[in-house]
Amino acid sequence: MLGLSSCNYNSLVEKKQDVEQTWGEVENQYQRRADLIPNLVNTVKGYTTHEASTLEKVTEARAKATSITINADSLTEENLARFQQAQSELSGALKSLLAVTEAYPDLKANENFRDLQVQLEGTENRVTTARSRYTEAVKNYNTAIQKFPTVIYAGWFGFTAKPQFKAEEGASKAPEVDFNN
């Protein structure tokens, strides 16, 4: 019996480490995005004169998003929900900023702006990949701690379920496309 429990325990430790590693990558990619934003805001600021409130919203959303950090040991449903909400607010503010830039052809033609936009798009893809890896690691870990007989050992050693990302509100509704306008 000792061999079985030792093997199960070691496997749980590995799975928990995988969750922690993949969570670190999620945080890393969100930080990369946050680091790009000041350059983007400054570039846009140089071209726009009437968009102060949009720039302010992006700056405020970035400050809020970067103020919420969660280490892997304190990953709870509530903490992850707060983190995800702040990141969603930042995503919305960035979308508004990029929509506003459509009215400024000189800005859209600016090489620095285009480079930042490409970097931001690449970072959004990296965020998606990191979240996907985290989701898979959590699924493997949560499944392992719920299987019999491991569930017994998991409880003894304090292995508890880790939270998953939730779909954003309205994500299940397809966007409307209107080619008549």
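User: Where is the place of F83?

Analyst: F83 sits in helix α3. Keep in mind that this is a predicted model.

User: Is F83 buried or exposed?

Analyst: Buried residues have under 20% relative accessible area. F83 has a relative accessibility of 3%, so F83 counts as buried.

User: Which residues is F83 in contact with, leaving aside its neighbours within four places in sequence?

Analyst: The contacts of F83 are W23, Y30, I68 and I70. A65 is also worth a look: 18 residues separate F83 from A65 in sequence, and their C-alpha atoms are 7.1 Å apart in space.

User: How do I check the span of helix α3?

Analyst: Use the rise of 1.5 Å a residue. Helix α3 covers residues 77-100, which is 24 residues, so the helix should span 34 Å. The C-alpha atoms at its ends are 34 Å apart, in agreement.

User: Which residues of α3 are buried?

Analyst: Among them are L80, F83, L90, A93, L94, L97 and V100. Polar names appear too, including Q84, Q87, S88 and S91.

User: How many residues does α2 have, and how far does α2 reach?

Analyst: Helix α2 has 16 residues. From first C-alpha to last, α2 reaches 22 Å, close to the expected 22 Å.

User: Which residues of α2 are buried, and where do they lie around the axis?

Analyst: First the general idea. An α-helix has 3.6 residues a turn, so residues three or four places apart point the same way. Now the case here. T54, L55, V58, A61 and A65 are the buried residues of α2. They cover an arc of only 130° around the axis, which puts them on the same side of α2. The face turned away from that buried side carries exposed A52 and S67.

User: What does V58 touch, not counting residues up to four places away in sequence?

Analyst: V58 touches I37, V41, L90, A93, L94 and L97.

User: How do I read the largest nonpolar core?

Analyst: In soluble globular proteins, nonpolar side chains tend to be buried together. Here the largest nonpolar core has 42 residues. W23, V26, L40, V58, F83, L94 and Y134 have the most contacts inside this core. Two or more residues come from each of α1 (2-45), α2 (52-67), α3 and α5 (111-146). The largest share, 11 residues, is from α5.

User: How many aromatic pairs are there, and how is one described?

Analyst: A pair of aromatic rings is described by the distance of the centres and the angle of the planes. The structure holds 9 aromatic pairs. One of them joins Y153 and W156: the centres are 5.2 Å apart and the planes are at 85°, an edge-to-face pair.

User: Why are Y153 and W156 separated by about one helical turn?

Analyst: The two residues are 3 apart in helix α6 (residues 150-156), so about one helical turn separates them. Their exposure is worth checking as well. Y153, at 5% relative accessibility, counts as buried. W156 is exposed, with a relative accessible area of 62%.

User: Which residues do ring pairs link into a cluster?

Analyst: The cluster consists of W23, Y30, F83, Y134 and F165. A charge joins the picture at F165: R131 lies over the face of this ring, 3.9 Å from its centre.

User: Where is the place of E51, and is E51 buried or exposed?

Analyst: E51 lies in the loop between α1 and α2. At 17% relative accessibility, E51 counts as buried. Leaving aside neighbours within four places in sequence, E51 is in contact with V100 and Y104. E51 and L97 are 46 residues apart in sequence, yet 8.6 Å apart in space, C-alpha to C-alpha.

Terms used:
Residues are numbered from 1 along each chain as its sequence is written. This is a predicted model: local features need pLDDT of at least 70, side-chain atom pairs count only at pLDDT 80 or more; totals for chains, interfaces and linings use all residues. Side-chain values use heavy atoms; hydrogens and water are left out. Helices (H or I, at least four residues) and strands (E, at least two) are DSSP runs, numbered from the N terminus. The expected span of a helix is 1.5 Å times one less than its number of residues. Buried means under 20% relative accessible area, exposed over 50%, partly exposed in between (1.4 Å probe, protein chains only). Rings of Phe, Tyr and Trp (its six-membered ring) pair if their centres lie within 6.5 Å; planes under 30 degrees apart count as stacked, over 60 as edge-to-face and the rest as tilted. A charge sits over a ring if NZ of Lys or CZ of Arg is within 6 Å of the ring centre and within 35 degrees of the ring normal. A nonpolar core is a set of buried Ala, Val, Leu, Ile, Met, Phe, Trp, Tyr and Cys residues joined through side-chain atoms within 4.5 Å. Contact means heavy atoms within 4.5 Å. The arc is that of the directions from the helix axis to the C-beta atoms.
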